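Welcome, and thanks for taking a look at this one with us. Below is a short briefing to read alongside the coordinates, grouped by topic so you can dip in where you like.

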Amino acid sequence: MSEEKKIASIKVDRDSCIGAAPCVAAAGSVFELDAEQKAVLKRKSGERVSDQTGKIDLEDGDISDDTLLAAAQSCPVRAIYLYDESGNQIFPA
Ligand code: SF4
């Protein structure tokens, strides 16, 4: 891979999420579990949603791509999706 792919947005697939929470352990500034034990993204706006969210719209917009990738990789059911600036899926590859 010649150029590094930067993470621009994130999504949680609520249907797949089983509330196992290693994503919260890996990146608690970004993920938390809601009342249904599904992972949600902590938006700067105060919203807590699983929908696709721009990294810049996260409460912790400065989180490193390595940490986000580690969180996505920690999910046992691959419910965390990462996208680049063009909207292409980076993970799961
Ligand atoms: S690690 Fe995956 S299954 Fe577990 S809470 Fe996070 S998104 Fe859901």
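A residue counts as buried here if 20 or more other C-beta atoms lie within 10 Å of its own. Ile 80 has 28 other C-beta atoms within 10 Å, so Ile 80 is buried. Please keep in mind that this is a predicted model. Ile 80 is a handy place to begin, as it is among the residues that touch the most other members of the largest nonpolar core.

**Ile 80 and the nonpolar core**

- Ile 80 sits in strand β6.
- Beyond its neighbours within four places in sequence, Ile 80 is in contact with Ile 10, Val 12, Cys 23, Ala 71, Ala 72 and Cys 75.
- From C-alpha to C-alpha, Ile 80 and Ala 39 are 9.1 Å apart in space, while 41 residues separate them in sequence.
- The largest nonpolar core has 19 residues, and Leu 68, Ala 71 and Ile 80 touch the most other members.
- Two or more residues of this core come from each of β1 (9-12), β3 (39-42), α2 (65-74) and β6 (80-83).

**Helix α2 and what covers it**

- Leu 68, Ala 71 and Ala 72 are buried in α2.
- These residues lie on the same side of α2, because they cover an arc of only 95° around the axis.
- Among the elements covering the buried residues of α2 are β1, α1 (22-26), β2 (31-33), β6 and β7 (89-91).
- Ala 71 makes contacts with Cys 23, Ala 26, Ala 27, Val 30, Phe 31 and Ile 80, leaving aside its neighbours within four places in sequence.

**The four-stranded sheet**

- One open sheet has four strands in the order β5-β1-β6-β7, with antiparallel pairing.
- Its edge strands are β5 (53-54) and β7, each of which pairs on one side only.
- Four bridges link β1 and β6 in the antiparallel sense, and Ser 9 has Tyr 83 of β6 as its bridge partner.
- β6 and β7 also run antiparallel, joined by two bridges, and Leu 82 stands opposite Phe 91 in β7.
- Which side chains of β6 are buried, and which are not? Ile 80 and Leu 82 point to one face and are buried, whereas Tyr 81 and Tyr 83 point to the other and are not.
- The hairpin of β6 and β7 has five residues between the strands, and Gly 87 in this hairpin takes a positive phi near 85°.

**The three-stranded sheet**

- Another open sheet has three strands in the order β2-β3-β4, again with antiparallel pairing.
- β2 and β4 (48-49) stand at the edges with a single partner strand each, so one side of each has no neighbour in the sheet.
- β2 and β3 run antiparallel and are joined by three bridges.
- Phe 31 has Leu 41 as its bridge partner in β3; Phe 31 is also one of the contacts of Ala 71.

**Around the ligand**

- Which residues come nearest to the ligand? Of the 14 residues around the ligand, these are Cys 17, Ala 20, Cys 23, Ala 39 and Cys 75.
- The shell is made up of twelve nonpolar and two polar residues, with no charged ones.
- Cys 23 and Cys 75 also appear among the contacts of Ile 80, and Cys 23 is one of the contacts of Ala 71.

**Backbone details to check**

- The peptide bond from Phe 91 to Pro 92 is cis, with omega near -5°; Pro 92 belongs to the segment after β7.
- Ala 21 has a phi near 75°, which is a positive value in a residue other than glycine.
- Ala 21 lies in the loop between β1 and α1, and it counts as partly exposed because it has 17 C-beta neighbours inside 10 Å.
- Gln 37 likewise is a residue other than glycine with a positive phi, here near 60°.
- Where is Gln 37 found? Gln 37 is in the loop between β2 and β3, and it counts as exposed, with 11 C-beta neighbours inside 10 Å.

Note on methods
Residues are numbered from 1 along each chain as its sequence is written. This is a predicted model: local features need pLDDT of at least 70, side-chain atom pairs count only at pLDDT 80 or more; totals for chains, interfaces and linings use all residues. A nonpolar core is a set of buried Ala, Val, Leu, Ile, Met, Phe, Trp, Tyr and Cys residues joined through C-beta atoms within 7 Å. A residue is buried if 20 or more other C-beta atoms lie within 10 Å of its own, exposed if 12 or fewer, and partly exposed in between; C-beta atoms are placed from the backbone. Two residues are in contact if their C-beta atoms, placed from the backbone, lie within 7 Å. A residue is near a molecule or strand if its C-beta atom, placed from the backbone, lies within 6 Å of it. Ala, Val, Leu, Ile, Met, Phe, Trp, Tyr, Cys and Pro count as nonpolar, Asp, Glu, Lys and Arg as charged, and the others, Gly among them, as polar. The arc is that of the directions from the helix axis to the C-beta atoms. Two strands pair if DSSP finds at least two bridges between them.
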